[in-house]
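Student: I should like a close look at a single part of this model, the patch of negative charge on the surface. Which residues gather there, and what surrounds the description of the chain as a whole?

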Amino acid sequence: VFAPLRPEANYWDDALKELVGAGVHSIVVNRPIYSDESLYDAYVGPNFMEQGEAAAKWLLDTLAGKEGDKNVLILCGNKEDELMLTRQEAFEKVLAQRPSLKIWRKVDGNDTALGGKEQVEAILQEEGAKIDVIFAHTDELAIGAIEAINATESLKSGEDVLVISVG
């Protein structure tokens with residue numbers, strides 16, 4: 001059983017062929033890989049498209065009946081991660097059903113609580129910055145964002161700023 005950090009086949013094909021040749025069974029967990037599916041026995045993990053859709057639907061339901069434009073900040077982990085981009089695409093597609101929810105900014109928090117905290121702190125210090133919703137691609141990013149929000153004198157996470165986390 002292994003949880004790949006990278007999905008590209010060139011990282012896995014040789015090792016998987018060696019395992020198959022030795023009669024060893026393998027299960028990929030957490031993230032899919034782009035290898036020949038006959039080289040491993042199963043994939044157990046999330047559907048990234050469904051994650052993005054579910055997060056956006058929750059937001060639409062939560063804000064139903066609440067008027068006014070809302071700024072959405074997206075805290076990315078790694079802007080080049082295909083799976084994150086798939087999740088984000090699904091999130092944005094569902095969010096487009098409500099034009100008053102605007103993707104205000106996308107920033108890279110480096111998949112860490114510290115990165116999420118630093119990004120949100122910096123944005124909150126900008127003149128006129130207003131964040132209503134944060135969509136964080138990892139729990140670590142969300143934890144950092146919540147710390148930054150709650151460190152201000154005027155904002156509370158969950159009340160003034162909704163934080164949605166997946167990953």
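Tutor: The account below begins with the basis of the model, turns to the patch, and ends with the whole chain.

The model is predicted, so local features need pLDDT of at least 70 and side-chain atom pairs count only at pLDDT 80 or more, while totals for chains, interfaces and linings use all residues. Residues are numbered from 1 along each chain as its sequence is written, and side-chain values use heavy atoms, with hydrogens and water left out.

The patch of negative charge on the surface is formed by Asp108, Asp111, Asp139 and Glu140. A patch takes in residues with over 30% relative accessible area and no salt bridge, like charges being joined within 9 Å; nonpolar side chains (Val, Leu, Ile, Met, Phe, Trp, Tyr) are joined within 5 Å. A salt bridge here is a side-chain nitrogen of Lys or Arg within 4 Å of a carboxyl oxygen of Asp or Glu. Asp and Glu count as negative and Lys and Arg as positive, with His and the chain ends not counted; each charge is placed at NZ of Lys, CZ of Arg, CG of Asp or CD of Glu.

Of the patch members, Asp108 belongs to strand 4 (residues 101-108). Strands (E, at least two residues) and helices (H or I, at least four) are DSSP runs numbered from the N terminus. Asp108 counts as partly exposed because its relative accessibility is 32%; buried means under 20%, exposed over 50%, and partly exposed in between (1.4 Å probe, protein chains only).

The loop between strand 4 and helix 4 (113-124) holds Asn110. Although Asn110 is not a glycine, its phi is positive, at about 60°. With 55% relative accessibility, Asn110 counts as exposed. Asn30 likewise has a positive phi, of about 80°, without being a glycine. Asn30 sits in the loop between strand 1 (27-29) and strand 2 (42-44), and is partly exposed at 43% relative accessibility.

For the chain as a whole, there are five helices and six strands, in the order α-β-β-α-β-α-β-α-β-α-β from the N terminus. Of its 167 residues, 40% are buried. Among contacts (heavy atoms within 4.5 Å) with a separation of 6 or more, 69% join residues 24 or more positions apart. The chain exposes about 9,400 Å², with carbon and sulfur atoms supplying 49% of it, by the Shrake-Rupley method with a 1.4 Å probe, only the protein chains shown counting as cover for residues. Finally, the mean positions of its 16 positive and 30 negative charges lie 7 Å apart.
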